[in-house]
Amino acid sequence: MFSRFLTSALFAGASAGLLTGLLQLYFVQPVLLHAELYETGALVHFGADPVSAHPDLPGFDAVRDGLSLIFTMLTYTAYALILLAAMSLGEERGAVIDGRWGILWGVAGFVAFHLAPGFSLAPEVPGVAAADITARQIWWFAAAAAALVALWLLAFGKGWGAWIGAAVLLMAPHIIGAPEPESFSGPVPTEIGALFAARALGIGLAAWVLLGSFAGFFWQREGAQSA
């Protein structure tokens, strides 16, 4: 059982992480590099002269981009361990686990780790105003944990009590409110911040769909081989 669990997580996490890392390099990293030009003062917004929306950005960097891919693969391998632990528990309760149903599990992971926290604490580019990082991390973990429990109750809970509890858990972190800065400031144009948030969430959805599908596929395959 443990071998099946570990092998499935390693293959699913590495595969999804590699594809996600490539998507991030193409769609997300250029936005970050653009924002860093404003953060460092190389570009100035609201100056006397208009600034091009398409500046020259650093090209491919083997060390930076290679480490980024490795880190992303490790991150999604850790996510795969969490996802497969939930999948195995779900299978014990009668859920079908395969590549197709894994997509639904992946969407649930995206909701828990990206969409639910991002509803009040959106992805941020460098150089924007933000609250204390420790407070934001505590709130993020609380929001993600509440969303995970809520989704489990929606999927496997029975009766109105479980469903109402799930709704309360989903809403509670946002009613309490995410930490906010005391004032809004920052040199980065809002257009860049909005583009980064949109692409971060979009890539997050693609990543979790891939991870869920791969996790379900490898879990089913490893189970068939060990049978």
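**Exercise 1. Find where Thr72 sits, decide whether it is buried or exposed, and list what it touches.**

Step 1: Thr72 belongs to helix H2. Helices here are DSSP runs of H or I with at least four residues, strands are E runs of at least two, and both are numbered from the N terminus.

Step 2: with a relative accessible area of 7%, Thr72 is buried. The cut-offs are under 20% for buried, over 50% for exposed and partly exposed in between, using a 1.4 Å probe and protein chains only.

Step 3: skip residues up to four places away in sequence, and Thr72 touches Gly17, Thr20, Gly21 and Gln24. A contact means heavy atoms within 4.5 Å.

A note before going on: this is a predicted model, where local features need pLDDT of at least 70, side-chain atom pairs count only at pLDDT 80 or more, and totals for chains, interfaces and linings use all residues. Residues are numbered from 1 along each chain as its sequence is written, and side-chain values use heavy atoms, with hydrogens and water left out.

**Exercise 2. Work out the overall make-up of the chain.**

Step 1: count the elements, and you get six helices and zero strands. From the N terminus on, they run α-α-α-α-α-α.

Step 2: put a box around the C-alpha atoms along the principal axes; it comes to roughly 70 × 45 × 25 Å.

Step 3: check burial and contacts. Of the 227 residues, 35% count as buried. Among contacts with a separation of 6 or more, 79% are between residues 24 or more positions apart.

**Exercise 3. Compare the end-to-end span of H1 with that of a straight helix, and find where H1 kinks.**

Step 1: H1 has 38 residues, and a straight helix at 1.5 Å a residue would reach 56 Å. The expected span is 1.5 Å times one less than the number of residues.

Step 2: the end C-alpha atoms of H1 are only 46 Å apart, so to speak short of that 56 Å.

Step 3: look along the helix for a bend, the angle between axes fitted to the seven residues ending at a residue and the seven starting there. H1 has a kink of about 45°, centred on Leu25.

Step 4: go just past H1 to Gly41, which takes a positive phi of about 90°.

**Exercise 4. Describe H3 and place Ala112 in it.**

Step 1: H3 has 20 residues and reaches 27 Å between its first and last C-alpha, close to the expected 28 Å. There is still a kink of about 40° in H3, centred on Val111.

Step 2: the buried residues of H3 include Gly102, Trp105, Gly106, Gly109, Phe113 and Ala116.

Step 3: Ala112 is in H3 too, and it is buried, with a relative accessible area of 0%. Leaving out residues up to four places away, Ala112 touches Pro117, Ala144, Ala147, Leu148 and Leu151.

Step 4: the C-alpha atoms of Ala112 and Ala150 are 9.0 Å apart, with the two positions 38 residues apart along the chain.

**Exercise 5. Check the span of H5 and find its kink.**

Step 1: the 17 residues of H5 (residues 160-176) should span 24 Å, and the end C-alpha atoms are 24 Å apart, which agrees.

Step 2: a kink of about 30° lies at Leu170, shortly before Pro173.

Step 3: Ala162, Ala166 and Pro173 are buried in H5, and H4 is part of what covers the buried residues of H5. Gly177 follows H5, with a positive phi near 100°.

**Exercise 6. Which residues of the largest nonpolar core touch the most other members, and which helices supply it?**

Step 1: a nonpolar core is a set of buried Ala, Val, Leu, Ile, Met, Phe, Trp, Tyr and Cys residues joined through side-chain atoms within 4.5 Å.

Step 2: of the 24 residues in the largest one, Leu83, Leu84, Met87, Trp208 and Leu211 touch the most other members. H1, H2, H3, H4 and H6 each supply at least two of its residues.

Step 3: Apart from that core lies another, of twelve residues, among them Ala35, Tyr38, Ile192 and Ala200.

Step 4: setting aside neighbours within four places in sequence, the contacts of Leu211 include Ala12, Ala16, Tyr76 and Leu83.
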